[in-house]
Protein chains: 2
Amino acid sequence: METESQHAPGVHYLIELSEVPREFLVDAHLLERTLEGCARRGGAQVIQTLLHQYSPQGLSGVVIIAESHLAVHTWPELDYAAVDIFTCGKEEIAEAIYQQILKAFTPRKYALKKLSRGPQALRNREAEP
Amino acid sequence: METESQHAPGVHYLIELSEVPREFLVDAHLLERTLEGCARRGGAQVIQTLLHQYSPQGLSGVVIIAESHLAVHTWPELDYAAVDIFTCGKEEIAEAIYQQILKAFTPRKYALKKLSRGPQALRNREAEP
């Protein structure tokens, strides 16, 4: 688990979920309900949700929340989903949504990377004047 | 600039833009047109776009593309925008969209972090059986 800085307008959780019950990876309505439920139970305010079903398989779901966004992409053929939680300033909400995601999706394997986002990140990365 | 692995279903570009012309940070229609234009010129297929205007200021925009998603959050008070490009498998499309983003938004300062996403990322991060 990594955190670059505690002084950001945004905190970004990048989550890899593996060995997830297949229905979450293929059922768009279930994924939508699950994502919105995780956001709300984590303390976020859901504004709007987009779901897209790829052919032949795979889903993308994005939830705009008052605190920024939640995004998921699924690869049923790999038994895998990538989840992003981006919240402006409030790491406790990102953390709470993350805990809800683990509880709802019940992955057998998962990984988390935390990054701070904001102008201060320019100091730590490739930057050009 | 960092790349964890070349063997991922997804590549994720995390971009910090600073000192951007103010209209991109406050004008939802301009931001929507600009994001969709960058996606198309970068070779992606735009499926659906969501824009949200925060009060008193700030925008969130998410574009679902056939290759995954593009997301932006703006902080006009900080003269800053966070941009994410997530493309499944095709790093050349993420790179092309990134170049279009720089060309369109003309940030005076910017930073890029590249991450691979996928089950293989579990090997490099916190994981639990």
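This talk covers the salt bridges and the two largest pockets of a predicted two-chain model.

First, the conventions. Residues are numbered from 1 along each chain as written, and chains are lettered from A in the order written. Because the model is predicted, local features need pLDDT of at least 70 and side-chain atom pairs pLDDT 80 or more, while totals for chains, interfaces and linings use all residues; side-chain values use heavy atoms, without hydrogens and water.

Salt bridges, then. I count a side-chain nitrogen of Lys or Arg within 4 Å of a carboxyl oxygen of Asp or Glu. That rule gives 14 over all chains.

I will start with A:Glu16 and B:Arg117, whose closest N and O atoms are 2.7 Å apart. This pair crosses between chains, from strand β1 (residues 10–18) of chain A to strand β6 (residues 109–117) of chain B. Helices here are DSSP runs of H or I with at least four residues, strands are runs of E with at least two, and numbering is from the N terminus. Both partners are buried, meaning under 20% relative accessible area, with exposed over 50% and partly exposed in between, for a 1.4 Å probe and protein chains only.

Within chain A, A:Glu91 and A:Lys114 pair at 3.2 Å, N to O. They sit 23 residues apart, A:Glu91 in helix α3 (residues 91–105) and A:Lys114 in strand β6 (residues 109–117). A:Glu91 is partly exposed at 23%, whereas A:Lys114 is buried at 10%.

In chain B, B:Glu36 and B:Arg40 form a salt bridge at 3.8 Å. Both lie in helix α2 (residues 28–41), four residues apart, so about one helical turn separates them. B:Glu36 is buried at 17%; B:Arg40 is partly exposed at 49%.

Now the pockets. A pocket is an open set of points on a 1 Å grid over the protein atoms alone, with protein on both sides within 12 Å along at least five of seven lines; lining residues have an atom within 4 Å of a point. Volume is the space filled by probe spheres set on the points, which are joined across faces, edges and corners.

The largest pocket has a volume of about 220 Å³. Of its 15 lining residues, those closest to the centre are A:Tyr54, A:Gln57, A:Gly58, A:Trp75 and B:Cys88. Strand β4 of chain A gives the most to this lining, three residues.

The second largest pocket holds about 160 Å³. Its lining includes A:Cys88, B:Tyr54, B:Gln57, B:Gly58 and B:Trp75. Here β4 of chain B gives the most, with three residues.

Notes
On a 1 Å grid over the protein atoms alone, a cavity is a set of points where a 1.4 Å probe fits but cannot get out, and a pocket is an open set with protein on both sides within 12 Å along at least five of seven lines; lining residues have an atom within 4 Å of a point.
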